[in-house]
Amino acid sequence: RTIFSPGPSCLSLSPRCPPPAPHTCQGLAPCLPEEGQVNTSGPRLLLATLHPASGSSAAMDRIVSALLLSLLLLLQSYGVCGAPPQPRGTLCRTKPTDLVFIIDSSRSVRPHEFEKIKVFVSQVIEGLDVGPNSTRVGVINYASAVKNEFSLKTYQTKAGLLQAVRRIEPLSTGTMTGLAIQFAISRAFSDSEGARVRSPNFNKVAIVVTDGRPQDGVQDVSARARAAGIEIFAIGVGRVDMHTLRQIASQPLDDHVDYVESYSVIEKLTHKFQEAFCVVSDLCATGDHDCEHTCISTPGAYKCACKEGFTLNSDGKTCSACSGGSGSALDLVFLIDGSKSVRPENFELVKKFINQIVDSLEVSEKQAQVGLVQYSSSVRQEFPLGQFKNKKDIKAAVKKMAYMEKGTMTGQALKYLIDSSFSIINGARPGVPKVGIVFTDGRSQDYITDAAKKAKDLGFRMFAVGVGNAVEDELREIASEPVAEHYFYTADFRTISKIGKKLQMKICVEEDPCECKSIVKFQTKVEELINSLQQ
């Protein structure tokens, strides 16, 4: 029998039952144990004390049984969070979908990494309405050969799917991605395997996860899959061939191609796919959609609006109280990670990121000044504050910046920022707001605590942006208070768009927002920047 004892109130359905993220409790069912196992996770109530001692009467047995039944009914009635359960359909209903995961388990995917793929698959499934008349799920596992782990008709419950995912083992041979996609067309999406006849009333979706260059062709077979009405999402990990992903994915590529630096962060994409399958009448009910002030739902769409006295900026999301002026003084220094894990092609994207931010500033001797520092095993000042008096010269210097390609001494770089970058001898102006933006993709190889604390104690406004394998605890340590609004982590560049909304609210002086015009302009163009970087 299943034994219940005191435990946390929120439940998860991932293969290993990790603690759920906040706000994910409603509508979830408990993680189900394998047959013959004892459930040791999820909500547990100690009922052993209700069992009568040996020799108790049959009447007492009936009383205890009645109490147990009443308690279980009470739990079912009020949900696992102590409040009446909220059906997913009140906010997010998934459109009926035939969904097939095509997962790479070639020898380049190590066992612990394959476990991360399984967690990702499980978390996407958690957000679906699973059933024979709603969403059906199948999984194809491939390496040199293709293995049909389970088909669209095999499991009709979420619990069954999750237990099946937990049992999947890697094949650990080659990488025949084209063969796997062909198998999806001819077998996984066939009537005999539970696929439904093509109809506007439901979707056919394949999610391909791979980390390498395929050993066969993918372009033609992917085109046939798309022509057959299958929408394909391509997720690449690590040293994947990006050209291959673009050949696989459906259009528009910006929505159907995703990249993460490692399997350790693939779970960050879960929310994207949960939203992709979500059909709602009130889009604002699922979030603010980065609207700075107010989200207004319209039939099948939404729009952003501003409070009285503010106007909507050209990005359609942020608001500004400033109607004129050319900006105030600001000393801004970029502290850029140039370690070898960034890789040359990504370093070029970082340089483009910097230059497009520079485009949004009012650069002059009396307004914004920009400095740039690159670090790896050592620290190198690319140019100090005030050296360049216009955007054109700053951007030219950024383009010429050579990639250092060594270690990751973030602590040493922060100390340099304090001692040199924001010093008067290096162009910093007394009384002018100082802003540091630290951009890193990995764990620091030295101690950062003292330097990070000193920068904030000196009044510098510090933003920490992490990509890929960056350590979120380190980002929080670098970031100014309130920490949650000054550090940002992204598995891919698109999610950095949230930085824009935070910057205006936290950097600008409340008494006179127009004093921070240059920062307002800086943040309002971030989303355009991310879209451009993605392309």
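Which elements do the buried residues of α12 pack against? The first legend takes up this question, after a note on the model.

This is a predicted model, in which local features need pLDDT of at least 70 and side-chain atom pairs count only at pLDDT 80 or more, while totals for chains, interfaces and linings use all residues. Residues are numbered from 1 along each chain as its sequence is written, and side-chain values use heavy atoms, with hydrogens and water left out.

**View A. The buried residues of helix α12 and the elements that they pack against.** Helix α12 spans residues 449-457, and its residues Ala-451, Ala-452 and Ala-455 are buried (under 20% relative accessible area, with exposed meaning over 50% and partly exposed in between, for a 1.4 Å probe and protein chains only). Helices (H or I, at least four residues) and strands (E, at least two) are DSSP runs, numbered from the N terminus. These three buried alanines cover an arc of only 100 degrees around the axis, which puts them on the same side of α12; the arc is taken from the directions that run from the helix axis to the C-beta atoms. The buried residues of α12 pack against α11 (410-421), β17 (461-467) and α13 (472-478), where contact means heavy atoms within 4.5 Å. On the other side of α12, Asp-450 and Asp-457 are exposed, and just after the helix Gly-459 has a positive phi of about 90 degrees.

**View B. Helix α5, with its buried residues and its exposed ones.** In this helix, which runs over residues 219-227, the buried residues are Val-221, Ser-222 and Ala-225. Seen down the axis of α5, they fall within an arc of 100 degrees, so they line one face of the helix. An α-helix has 3.6 residues a turn, so residues three or four places apart point the same way. The neighbours against which the buried residues of α5 pack are α4 (177-188), β6 (230-237) and α6 (242-248). Asp-220 and Ala-227, on the other side of α5, are exposed, and Gly-229, just after the helix, takes a positive phi of about 90 degrees.

**View C. The largest nonpolar core, and a second core separate from it.** A nonpolar core is a set of buried Ala, Val, Leu, Ile, Met, Phe, Trp, Tyr and Cys residues joined through side-chain atoms within 4.5 Å. The largest one has 60 residues, and those with the most contacts inside it are Phe-101, Phe-120, Ile-125, Ile-207, Phe-273 and Leu-414. Helix α2 (residues 111-126) gives the largest share of this core, 6 residues. At least three residues of the core come from each of domain 1 (93-278) and domain 3 (330-509), with bounds that come from an automatic or database domain assignment. Leaving aside its neighbours within four places in sequence, Leu-414 is in contact with Leu-335, Val-438, Ile-448, Ala-451, Ala-452, Met-462 and Ile-478. The second, separate core has 30 residues, including Leu-332, Leu-361, Met-401 and Phe-488.

**View D. Helices α9 and α10, which are roughly antiparallel to each other.** The axes of α9 (residues 344-359) and α10 (residues 391-400) come within 9 Å and cross at roughly 175 degrees. Axes are lines fitted to C-alpha atoms, for helices over the stretch in contact, and angles run from 0 to 180 degrees between N-to-C directions; under 35 degrees counts as roughly parallel, over 145 as roughly antiparallel, 65 to 115 as roughly perpendicular and the rest as oblique. From α9, Lys-351, Ile-354, Asn-355, Val-358 and Asp-359 meet Lys-391, Ile-394, Lys-395, Val-398 and Lys-399 of α10.

**View E. Two cis peptide bonds, before Pro-252 and Pro-482.** Most residues other than glycine have a negative phi, and most peptide bonds are trans. The bond from Gln-251 to Pro-252, however, is cis, with omega near -5 degrees, and Pro-252 lies in the loop between α6 and α7 (253-256). The bond from Glu-481 to Pro-482 is also cis, with omega near -10 degrees, and Pro-482 has its place in the loop between α13 and β18 (487-490).

**View F. Ser-172 and Glu-405, each with a positive phi.** Ser-172, whose phi is near 60 degrees, lies in the loop between α3 (158-166) and α4, and at 37% relative accessibility it counts as partly exposed. Glu-405, which is not a glycine, has a positive phi of about 60 degrees; its place is in the loop between α10 and α11, where it is partly exposed with a relative accessible area of 42%.
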